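Work through the exercises below with the sequence and the model in view. Try each task before reading its solution.

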Amino acid sequence: PAARILAIAETYDAMTRSRVRSTLESPEALRALEDGKGTKYDPDCVDALSRALRPPRDRIPVSGLLGN
């Protein structure tokens, strides 16, 4: 599983931060990963990255999780 996670992270990074070729904006890179989900990329890893990159307003604050 660790290799699959790294593959998604490295692919996303290459799509969005390459200095050699044109890059994609984050939503476009995520769509490209979604297109390869289940064939090129592990679906669970793609879903996890998508959740991690979701805008903060869609996330539960850590303080809310801790009951603070």
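The exercises go from the whole chain to helices and then to single residues.

This is a predicted model, in which local features need pLDDT of at least 70 and side-chain atom pairs count only at pLDDT 80 or more, while totals for chains, interfaces and linings use all residues. Residues are numbered from 1 along each chain as its sequence is written, and side-chain values use heavy atoms, with hydrogens and water left out.

**Exercise 1. Describe the secondary structure and burial of the protein chain.**

Step 1. Helices (H or I, at least four residues) and strands (E, at least two) are DSSP runs, numbered from the N terminus. The protein chain has four helices and zero strands, in the order α-α-α-α from the N terminus.

Step 2. Buried means under 20% relative accessible area, exposed over 50%, and partly exposed in between (1.4 Å probe, protein chains only). Of the 68 residues in the protein chain, 19% are buried.

Step 3. Contact means heavy atoms within 4.5 Å. Among contacts in the protein chain between residues at least 6 apart in sequence, 28% join residues at least 24 apart.

**Exercise 2. Find the residues of the largest nonpolar core and the elements that supply them.**

Step 1. A nonpolar core is a set of buried Ala, Val, Leu, Ile, Met, Phe, Trp, Tyr and Cys residues joined through side-chain atoms within 4.5 Å.

Step 2. The largest such core has ten residues: Ile8, Tyr12, Met15, Ala29, Leu30, Leu33, Tyr41, Cys45, Val46 and Leu49.

Step 3. Two or more residues of this core come from each of α1 (2-17), α2 (26-35) and α3 (43-52).

**Exercise 3. Which sides of α1 and α2 are buried, and what covers them?**

Step 1. The 16 residues of α1 reach 22 Å from first C-alpha to last, close to the expected 22 Å; the expected span is 1.5 Å times one less than the number of residues.

Step 2. Ile8, Tyr12, Met15 and Thr16 are buried in α1. They lie on the same side of α1 because they cover an arc of only 90° around the axis, the arc being that of the directions from the helix axis to the C-beta atoms.

Step 3. The other side of α1 has Ala2, Ala3, Glu10 and Arg17 exposed. Cover for the buried residues of α1 includes α2 and α3.

Step 4. In α2 the buried residues are Ala29, Leu30 and Leu33. Their arc is only 100° around the axis, so they sit on the same side of α2.

Step 5. Arg31 and Asp35 are exposed on the face of α2 turned away from its buried side. The buried residues of α2 have cover that includes α1 and α3.

**Exercise 4. Compare the settings of Thr16, Asp42 and Arg21.**

Step 1. Thr16 lies in helix α1 and counts as buried because its relative accessible area is 17%. Its side chain reaches the backbone oxygen of Tyr12 at 2.9 Å. Beyond four places in sequence, Thr16 touches Thr23, Leu24, Glu25, Ser26 and Ala29.

Step 2. Asp42 is in the loop between α2 and α3, and its relative accessible area of 17% makes Asp42 buried. The side chains of Asp42 and Arg4 are joined by a polar contact of 3.1 Å. A polar contact is a pair of N or O atoms within 3.5 Å; within protein, one must be able to donate a hydrogen and the other to accept it, and residues adjacent in sequence count only if both atoms are side-chain atoms.

Step 3. Arg21 lies in the loop between α1 and α2 and is partly exposed, at 47% relative accessibility. Leaving aside neighbours within four places in sequence, Arg21 contacts Ala14 and Met15.
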